[in-house]
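Here is a short walk through this one. Have the chain open in your viewer and follow along.

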Amino acid sequence: MSTLDQINDFTAFAKSRLGSGEQVDIDRLYDEWRSKAFGDIDALAIQASIRDLESGERGEPLDEFLANFEQEQKQDRGE
């Protein structure tokens with residue numbers, strides 16, 4: 001789904017929720033929409049992560065990941 005499609009979908013969702021007369025803040029609306037729109041994708045990602053953990057994959061510590069990520073970004077920018 002393109003960004004414009006996501007914006008349009010969220011707008012339609014928000015308008016329908018607000019049409020009920022209930023007072024809902026934007027953060028709650030976004031969370032509800034995101035859960036509805038991407039819940040299946042999130043669930044699949046969690047299941048894949050659990051399978052990785054069960055097979056012994058432990059990933060890398062956050063500080064190492066961030067250092068590697070920063071280095072890759074610098075390389076991509078030609079620094």
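## Arg17, a charged residue under cover

Let's start with Arg17: in this predicted model, Arg17 counts as buried because its relative accessibility is 17%, and the cut-off for buried is under 20%. You'll find Arg17 in helix α1.

So who is around Arg17? Setting aside anything up to four places away in sequence, Arg17 touches Glu22, Val24, Arg28, Leu29 and Glu32. Leu29 is worth a second look, as Leu29 is itself one of the buried residues of α2.

## Glu32, across from Arg17

Now hop over to Glu32, which sits in helix α2. Is Glu32 buried or exposed? Neither, as it turns out: Glu32 counts as partly exposed because its relative accessibility is 24%, and partly exposed covers the range between under 20% and over 50%.

Once neighbours within four places in sequence are left out, Glu32 is in contact with Phe13 and Arg17. Looking along the chain instead, Leu44 is twelve residues from Glu32, and their C-alpha atoms are 18 Å apart.

## Helix α2 and its bend

Helix α2 runs over residues 26-54, and helix α2 isn't straight: there's a bend of about 70° at Phe38. Phe38 also turns up among the buried residues of α2, together with Leu29 and Trp33.

What covers those buried residues? Part of the cover comes from α1, residues 3-18. The contacts of Arg17 in α1 give you a piece of that picture, with Leu29 on the list.

## The whole chain

Zooming out, the protein chain has three helices and zero strands, and reading along the sequence gives you α-α-α. Along its principal axes, the C-alpha trace spans about 50 × 40 × 20 Å. The radius of gyration is 19 Å, whereas a compact globule of 79 residues would come in near 12 Å.

Buried residues account for just 10% of the 79 in the chain, and Arg17 is one of the buried ones. The accessible surface is about 6600 Å², with 53% of that belonging to carbon and sulfur atoms.

## Charges

Last stop, the charges. The protein chain carries 9 positive and 19 negative ones, and the mean positions of the two sets lie 6 Å apart. Arg17 counts among the positive charges, and Glu32 among the negative.

Conventions
Residues are numbered from 1 along each chain as its sequence is written. This is a predicted model: local features need pLDDT of at least 70, side-chain atom pairs count only at pLDDT 80 or more; totals for chains, interfaces and linings use all residues. Side-chain values use heavy atoms; hydrogens and water are left out. Helices (H or I, at least four residues) and strands (E, at least two) are DSSP runs, numbered from the N terminus. The radius of gyration is taken over C-alpha atoms; the globule rule is 2.2 Å times the number of residues to the power 0.38. Buried means under 20% relative accessible area, exposed over 50%, partly exposed in between (1.4 Å probe, protein chains only). Accessible areas come from the Shrake-Rupley method with a 1.4 Å probe; for residues, only the protein chains shown count as cover. The place of a charge is taken as NZ of Lys, CZ of Arg, CG of Asp or CD of Glu. The bend at a residue is the angle between axes fitted to the seven residues ending there and the seven starting there. Contact means heavy atoms within 4.5 Å.
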